[in-house]
Amino acid sequence: MQLEISPRQRNQEEEESDQQRAEEAVAAVVSIGPWVDAAAVLVPPLNFAEVHDGIFRSGLPAADNFAFLLSLKLRSIVYLCPEPYPEENTRFLEQNGIKLHQFGIDGSKELLVNIPEEKIREALKVILDVRNQPVLIHCKRGKHRTGCVVGCLRKLQKWCLTSVFDEYQHFAAAKARSTDQRFMELFDTSSLMHLTASQC
(Lines give C-alpha, C1' and ligand atoms only; values in the text may rest on other atoms or scores of the structure.)
Protein backbone atom coordinates (compact mmCIF):
# COMPACT_ATOMS: atom_id res chain seq x y z
CA MET A 1 0.00 0.00 0.00
CA GLN A 2 1.37 3.39 -1.05
CA LEU A 3 0.95 6.39 1.19
CA GLU A 4 -0.32 9.39 -0.72
CA ILE A 5 0.43 12.95 0.35
CA SER A 6 -2.26 15.44 -0.41
CA PRO A 7 -1.28 18.65 -2.28
CA ARG A 8 -2.19 20.62 0.83
CA GLN A 9 0.08 18.50 3.03
CA ARG A 10 2.90 18.72 0.45
CA ASN A 11 2.60 22.52 0.32
CA GLN A 12 2.73 22.71 4.09
CA GLU A 13 5.87 20.51 4.18
CA GLU A 14 7.50 22.60 1.42
CA GLU A 15 6.68 25.81 3.31
CA GLU A 16 8.20 24.38 6.50
CA SER A 17 11.29 23.28 4.58
CA ASP A 18 11.61 26.72 2.93
CA GLN A 19 11.15 28.37 6.33
CA GLN A 20 13.88 26.19 7.82
CA ARG A 21 16.30 26.98 4.95
CA ALA A 22 15.58 30.71 5.33
CA GLU A 23 16.24 30.54 9.09
CA GLU A 24 19.52 28.68 8.49
CA ALA A 25 20.61 31.28 5.92
CA VAL A 26 19.80 34.14 8.32
CA ALA A 27 21.69 32.38 11.13
CA ALA A 28 24.72 31.97 8.87
CA VAL A 29 24.70 35.67 7.95
CA VAL A 30 24.15 36.85 11.52
CA SER A 31 26.99 34.66 12.79
CA ILE A 32 29.61 36.62 10.82
CA GLY A 33 29.35 39.66 13.06
CA PRO A 34 27.30 42.48 14.51
CA TRP A 35 27.86 44.56 11.36
CA VAL A 36 25.56 42.38 9.29
CA ASP A 37 21.82 42.52 9.54
CA ALA A 38 19.77 39.56 8.38
CA ALA A 39 18.75 41.21 5.12
CA ALA A 40 22.21 42.66 4.40
CA VAL A 41 23.41 43.13 0.87
CA LEU A 42 27.16 42.97 0.35
CA VAL A 43 28.20 46.54 -0.48
CA PRO A 44 31.80 47.13 -1.60
CA PRO A 45 33.65 50.28 -0.49
CA LEU A 46 34.02 53.27 -2.80
CA ASN A 47 36.35 52.62 -5.77
CA PHE A 48 36.69 48.92 -4.91
CA ALA A 49 38.50 46.65 -7.37
CA GLU A 50 40.62 43.51 -7.42
CA VAL A 51 44.21 44.38 -8.29
CA HIS A 52 45.60 40.84 -8.38
CA ASP A 53 44.81 37.50 -6.71
CA GLY A 54 44.59 38.31 -3.00
CA ILE A 55 45.17 42.06 -3.49
CA PHE A 56 42.31 44.59 -3.48
CA ARG A 57 41.97 48.39 -3.53
CA SER A 58 39.30 50.84 -2.39
CA GLY A 59 38.46 54.03 -0.55
CA LEU A 60 37.98 54.09 3.23
CA PRO A 61 35.42 51.40 4.13
CA ALA A 62 32.30 52.47 6.01
CA ALA A 63 30.32 50.27 8.43
CA ASP A 64 27.94 49.17 5.67
CA ASN A 65 30.96 47.71 3.81
CA PHE A 66 32.08 45.46 6.69
CA ALA A 67 30.04 42.42 5.61
CA PHE A 68 31.58 42.71 2.15
CA LEU A 69 35.08 42.90 3.64
CA LEU A 70 34.40 39.74 5.64
CA SER A 71 33.53 37.96 2.39
CA LEU A 72 37.08 38.72 1.14
CA LYS A 73 38.60 36.86 4.13
CA LEU A 74 41.18 39.64 4.58
CA ARG A 75 44.32 39.11 6.63
CA SER A 76 45.57 42.69 6.34
CA ILE A 77 44.71 46.25 5.46
CA VAL A 78 47.30 48.72 4.15
CA TYR A 79 46.08 52.20 5.14
CA LEU A 80 47.83 55.07 3.36
CA CYS A 81 46.58 58.12 5.33
CA PRO A 82 48.38 59.84 8.23
CA GLU A 83 45.13 60.30 10.22
CA PRO A 84 44.30 57.75 12.94
CA TYR A 85 42.21 54.82 11.69
CA PRO A 86 38.51 55.33 12.57
CA GLU A 87 37.51 53.70 15.88
CA GLU A 88 34.67 51.65 14.41
CA ASN A 89 36.97 50.32 11.68
CA THR A 90 39.68 49.51 14.24
CA ARG A 91 37.16 47.59 16.34
CA PHE A 92 36.02 45.66 13.25
CA LEU A 93 39.63 44.71 12.39
CA GLU A 94 40.43 43.61 15.96
CA GLN A 95 37.29 41.48 16.25
CA ASN A 96 38.00 39.76 12.93
CA GLY A 97 41.75 39.21 13.28
CA ILE A 98 42.67 41.60 10.45
CA LYS A 99 46.05 43.31 10.83
CA LEU A 100 46.39 47.05 10.10
CA HIS A 101 49.57 48.37 8.41
CA GLN A 102 49.58 52.19 8.31
CA PHE A 103 51.81 54.23 6.01
CA GLY A 104 50.90 57.88 6.56
CA ILE A 105 51.22 59.58 3.19
CA ASP A 106 50.09 63.20 2.96
CA GLY A 107 47.14 63.67 0.61
CA SER A 108 48.04 67.27 -0.28
CA LYS A 109 46.72 68.68 -3.54
CA GLU A 110 49.77 70.88 -3.98
CA LEU A 111 51.51 70.43 -7.30
CA LEU A 112 54.93 70.16 -5.67
CA VAL A 113 53.90 67.61 -3.05
CA ASN A 114 56.73 65.24 -2.17
CA ILE A 115 55.47 61.67 -2.43
CA PRO A 116 57.54 59.64 0.07
CA GLU A 117 59.15 56.94 -2.06
CA GLU A 118 60.37 54.97 0.95
CA LYS A 119 56.83 54.67 2.38
CA ILE A 120 55.54 53.47 -0.99
CA ARG A 121 58.36 50.93 -1.10
CA GLU A 122 57.60 49.69 2.46
CA ALA A 123 53.86 49.46 1.66
CA LEU A 124 54.65 47.37 -1.43
CA LYS A 125 56.76 44.98 0.67
CA VAL A 126 53.77 44.39 2.97
CA ILE A 127 51.36 44.00 0.03
CA LEU A 128 53.61 41.50 -1.80
CA ASP A 129 54.21 39.36 1.29
CA VAL A 130 51.80 36.43 0.82
CA ARG A 131 51.51 36.09 4.61
CA ASN A 132 49.56 39.38 4.57
CA GLN A 133 47.18 38.34 1.77
CA PRO A 134 44.34 38.72 1.10
CA VAL A 135 45.09 42.41 1.62
CA LEU A 136 43.10 45.60 1.00
CA ILE A 137 44.97 48.79 0.07
CA HIS A 138 43.11 52.02 0.73
CA CYS A 139 43.37 55.72 1.43
CA LYS A 140 40.41 58.06 1.86
CA ARG A 141 38.85 57.91 -1.61
CA GLY A 142 40.93 55.19 -3.27
CA LYS A 143 42.23 57.57 -5.93
CA HIS A 144 45.62 59.25 -5.53
CA ARG A 145 47.64 57.56 -2.79
CA THR A 146 46.12 54.17 -3.54
CA GLY A 147 46.56 54.88 -7.25
CA CYS A 148 50.28 55.60 -6.79
CA VAL A 149 50.87 52.40 -4.81
CA VAL A 150 48.94 50.29 -7.33
CA GLY A 151 50.72 52.06 -10.21
CA CYS A 152 54.10 51.15 -8.72
CA LEU A 153 52.89 47.58 -8.24
CA ARG A 154 51.91 47.51 -11.93
CA LYS A 155 55.44 48.57 -12.86
CA LEU A 156 56.71 45.59 -10.87
CA GLN A 157 54.29 43.46 -12.91
CA LYS A 158 55.92 44.87 -16.07
CA TRP A 159 52.88 46.84 -17.23
CA CYS A 160 53.64 49.50 -19.84
CA LEU A 161 53.29 53.11 -18.59
CA THR A 162 50.28 53.76 -20.82
CA SER A 163 48.34 50.97 -19.10
CA VAL A 164 49.53 52.11 -15.65
CA PHE A 165 48.29 55.65 -16.35
CA ASP A 166 45.01 54.42 -17.86
CA GLU A 167 44.22 52.49 -14.68
CA TYR A 168 45.23 55.45 -12.48
CA GLN A 169 43.00 57.81 -14.49
CA HIS A 170 40.09 55.36 -14.36
CA PHE A 171 39.95 55.79 -10.57
CA ALA A 172 41.15 59.41 -10.27
CA ALA A 173 38.97 60.58 -13.21
CA ALA A 174 38.87 64.39 -13.45
CA LYS A 175 41.08 64.64 -10.33
CA ALA A 176 44.11 62.89 -11.87
CA ARG A 177 47.36 64.57 -10.84
CA SER A 178 50.36 64.90 -13.14
CA THR A 179 52.65 64.72 -10.06
CA ASP A 180 51.30 61.24 -9.25
CA GLN A 181 51.89 60.08 -12.80
CA ARG A 182 55.38 61.56 -12.84
CA PHE A 183 56.15 59.77 -9.55
CA MET A 184 54.99 56.42 -10.99
CA GLU A 185 57.01 56.99 -14.15
CA LEU A 186 60.23 57.63 -12.20
CA PHE A 187 59.66 55.02 -9.47
CA ASP A 188 62.62 52.62 -9.38
CA THR A 189 61.40 49.03 -8.98
CA SER A 190 64.86 47.41 -8.99
CA SER A 191 65.08 46.99 -5.20
CA LEU A 192 61.73 45.16 -5.14
CA MET A 193 62.08 42.87 -8.14
CA HIS A 194 63.10 39.90 -5.96
CA LEU A 195 59.68 40.06 -4.27
CA THR A 196 57.64 39.66 -7.43
CA ALA A 197 58.76 36.29 -8.76
CA SER A 198 55.94 34.38 -7.05
CA GLN A 199 53.60 37.14 -5.90
CA CYS A 200 52.65 38.86 -9.17
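# Why is it called that? A walk through a predicted model

Buried residues make up 42% of the 200 residues in this chain. The model is a predicted one.

Q: How many helices and strands does the chain have, and what pattern do they follow?
A: There are 8 helices and 5 strands. Going along the sequence, you meet them as α-β-β-α-β-α-β-α-β-α-α-α-α.

Q: What makes the pairing in the sheet "mixed"?
A: The 5 strands form an open sheet in the order β1-β2-β5-β3-β4, with mixed pairing. Take β1 (residues 49-52) and β2: they pair in the antiparallel sense over 3 bridges. Now take β2 (residues 55-58) and β5, which pair in the parallel sense over 4 bridges. Strand β3 (residues 76-79) also runs parallel to β5, again joined by 4 bridges.

Q: Why are β1 and β4 called edge strands?
A: Each of β1 and β4 (99-102) has a single partner strand, so one side of each is left without a neighbour in the sheet. On average, neighbouring strands of this sheet are turned by 25° against each other, direction ignored.

Q: How do you know that β2 counts as paired with β1?
A: Pairing takes at least two bridges, and these strands have 3. Glu50 has Phe56 as its bridge partner in β2, and His52 stands opposite Ile55. The hairpin of β1 and β2 has 2 residues between the strands, and Gly54 takes a positive phi near 80° there.

Q: What makes β5 a strand with both faces covered?
A: In β5 (residues 135-138), Val135 and Ile137 are on one side and Leu136 and His138 on the other, and all are buried. In a regular strand the side chains alternate between the two faces of the sheet. Two bridge partners help you find your way here: His138 is the partner of Ser58, and Leu136 has Ile77 opposite.

Q: Why is Arg154 called buried?
A: Buried means under 20% relative accessible area. Arg154 has 5%, so Arg154 is buried. You'll find Arg154 in helix α5 (residues 144-156). That helix lies across β1, β2 and β5, and runs at about 150° to β2.

Q: How do you know that the side chains of Arg154 and Gln157 make a polar contact?
A: The cut-off is 3.5 Å between N or O atoms, and this pair is joined at 2.8 Å. The side chain of Arg154 also reaches the backbone oxygen of Val51, at 3.0 Å. Leaving out residues up to four places away in sequence, Arg154 touches Val51, Trp159, Val164 and Glu167.

Q: Why is Lys158 called exposed?
A: Exposed means over 50% relative accessible area. Lys158 comes in at 64%, so Lys158 counts as exposed. Look for Lys158 in the loop between α5 and α6.

Q: What makes the phi of Lys158 worth a remark?
A: Phi of Lys158 is near 70°, which is positive, and the residue is something other than glycine. Asn47 is another such case: not a glycine, yet with a positive phi of about 60°. Asn47 sits in the loop between α1 (7-30) and β1. For background, most residues other than glycine have a negative phi, and most peptide bonds are trans.

Q: Where is a cis peptide bond found, and what is its omega?
A: Look between Gln133 and Pro134, where omega is about 0°. Pro134 belongs to the loop between α4 and β5.

Q: At what angle do the axes of α6 and α7 cross, and what is the hand of the crossing?
A: The axes of α6 (residues 161-172) and α7 (residues 178-186) come within 11 Å and cross at roughly 145°. The crossing is right-handed. On the α6 side the contact is made by Leu161, Val164, Phe165, Tyr168 and Gln169, and on the α7 side by Asp180, Gln181, Met184 and Glu185. Sorted by kind, these residues are 5 nonpolar, 2 polar and 2 charged.

Q: Which residues of α7 are buried, and what do they pack against?
A: The buried ones are Thr179, Asp180, Gln181, Phe183 and Met184. The buried residues of α7 pack against α4 (117-128), α5 and α6.

Q: What share of the contacts between residues at least 6 apart join residues at least 24 apart?
A: Within the chain, that share is 66%.

Notes: Residues numbered from 1 in each chain as written. Heavy atoms only, no water. Buried < 20%, exposed > 50% of the residue type's maximum accessible area, 1.4 Å probe, protein only. Polar contact = N/O pair within 3.5 Å; in protein donor to acceptor, adjacent residues only side chain to side chain. Contact = heavy atoms within 4.5 Å. Axes fitted to C-alpha atoms, helices over the stretch in contact; angles between N-to-C directions. Left-handed = near helix turned anticlockwise from the far one by under 90°. Nonpolar A, V, L, I, M, F, W, Y, C, P; charged D, E, K, R; others polar.
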